[in-house]
Amino acid sequence: MSDFTRRSFIKTASLASAAVAAAGLGLYSTGARAADFKLKFANNLPISHPMNVRARAMAKAIKEETNGALVVQVFPSSQLGSDTDTLAQVRSGAVDLFSLSPVILGTMVPSVQISAVGFAFKDYQQVWNAMDGALGEHVRAQIAKTGTLFAFDHMWDNGFRVTTTSTRPVASPDDLRGMKLRVPPSPIIMSIFRALDAAPTSINFAEVYSALQTRIVEGQENPMTLVSTAKLYEVQKYCSLTNHVWDGFWMLGNSASIGRLPADMQAILRKHIDAAVMGQRQDLAKLEGSTRDTLKGQGLELVEAPADPFRDKLRSANYYAQWHDKFGDQAWGILEQYAGKLA
């Protein structure tokens, strides 16, 4: 797309308009054509993850509806670089679409981390009410202020994050004391485990398996479905159901790249992204129902970890008060509308 000139853009838009007028059967003519626009969609998840299953179906539907004029290429498993590398690429326009967790996007736009406040959401009803409602609207506005990025209306689901370990289970905050734990390059996740007296180490996801295998770290934290699809059970012994943070992925777009598309193509893109995201949420909910049994079958010991002692520990460490100050009264007030009183 970066080599697309103004002349070719105008020509494409004119051809699309002519097709509508001539055929009256849709946005694009039924004759075969080469792609006029190609978009790169990058993510860090395995190709078997429900996001990528839906993303491939989304790409197929977009290509069919535009008769090949718009092609979305899906690059799973950090093929285009680590999360931090790909974030730089989507900012520059080298990548057009990128799904990224708020816990990592927060390194660039600190306010987006508010959905990752430790032990804030108790269930999915609270999550979707907030993220499809006023909290999500607030965060999207902050992302738009970058000038280079925007977020689509709805988030992919990634699930509640659990803690896996090779040395000992984590049933209470005391079990984390001094534990070498991999966390993403995220200020808010790092701060949760520091407040819980662990020894968190920031490592990009592409390197997590090897870091666990070589015992650089004792454990890590991620949604249970990702523990399964990334086969982390091969290098871990315990899976503690801490559910300390709900995690999702903002579907980010490079503002200039998507802005170059004719308005009708933008509408098609948004329609199919929304459909893919909503379908993926349902897929992940079904997958989570069977993942416990899958992990048990792979030899992981599942451990219950009630939330209240962890929440109390965070309060006593002034974790909530510190993040309240960082996010400000307005944003914190929106969060507590959905999550209830935290601090």
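User: Which residue lies over the face of Trp323?
Analyst: A charge counts as over a ring if NZ of Lys or CZ of Arg is within 6 Å of the ring centre and within 35 degrees of the ring normal. Over Trp323 the distance from the ring centre is 4.4 Å. The residue is Lys326.

User: What kind of model is this, and which pLDDT do side-chain atom pairs need?
Analyst: The model is predicted; residues are numbered from 1 along each chain as its sequence is written, and side-chain values use heavy atoms, without hydrogens and water. Local features need pLDDT of at least 70, totals for chains, interfaces and linings use all residues, and side-chain atom pairs count only at pLDDT 80 or more.

User: How far from the ring centre of Trp128 is Arg281?
Analyst: Arg281 lies over the face of Trp128. The distance is 3.6 Å.

User: How many aromatic pairs does a search of the whole structure find?
Analyst: Rings of Phe, Tyr and Trp (its six-membered ring) pair if their centres lie within 6.5 Å. Planes under 30 degrees apart are stacked, over 60 edge-to-face, and the rest tilted. The search of the whole structure finds nine.

User: What is the geometry of the pair Trp128 and Trp246?
Analyst: The centres are 5.4 Å apart. The planes of Trp128 and Trp246 meet at 75°. The pair is edge-to-face.

User: Which elements hold Trp128 and Trp246?
Analyst: Helices (H or I, at least four residues) and strands (E, at least two) are DSSP runs, numbered from the N terminus. The two residues are 118 apart, so the pair links distant parts of the chain. Trp128 is in helix H5 (residues 124–131), Trp246 in strand E10 (residues 246–254).

User: Is Trp246 buried or exposed?
Analyst: Buried means under 20% relative accessible area, exposed over 50%, partly exposed in between (1.4 Å probe, protein chains only). Trp246 has 2%. Trp246 is therefore buried.

User: Which residues form one aromatic cluster with Trp128 and Trp246?
Analyst: Trp128 and Trp246 belong to one aromatic cluster. The other members are Tyr124 and Phe160.

User: How do strands E1 and E2 run?
Analyst: Two strands pair if DSSP finds at least two bridges between them. Six bridges join E1 (residues 37–42) to E2 (residues 70–75). The strands run parallel.

User: Which residue in E2 is the bridge partner of Leu39?
Analyst: The bridge from Leu39 leads into E2. The partner is Val72.
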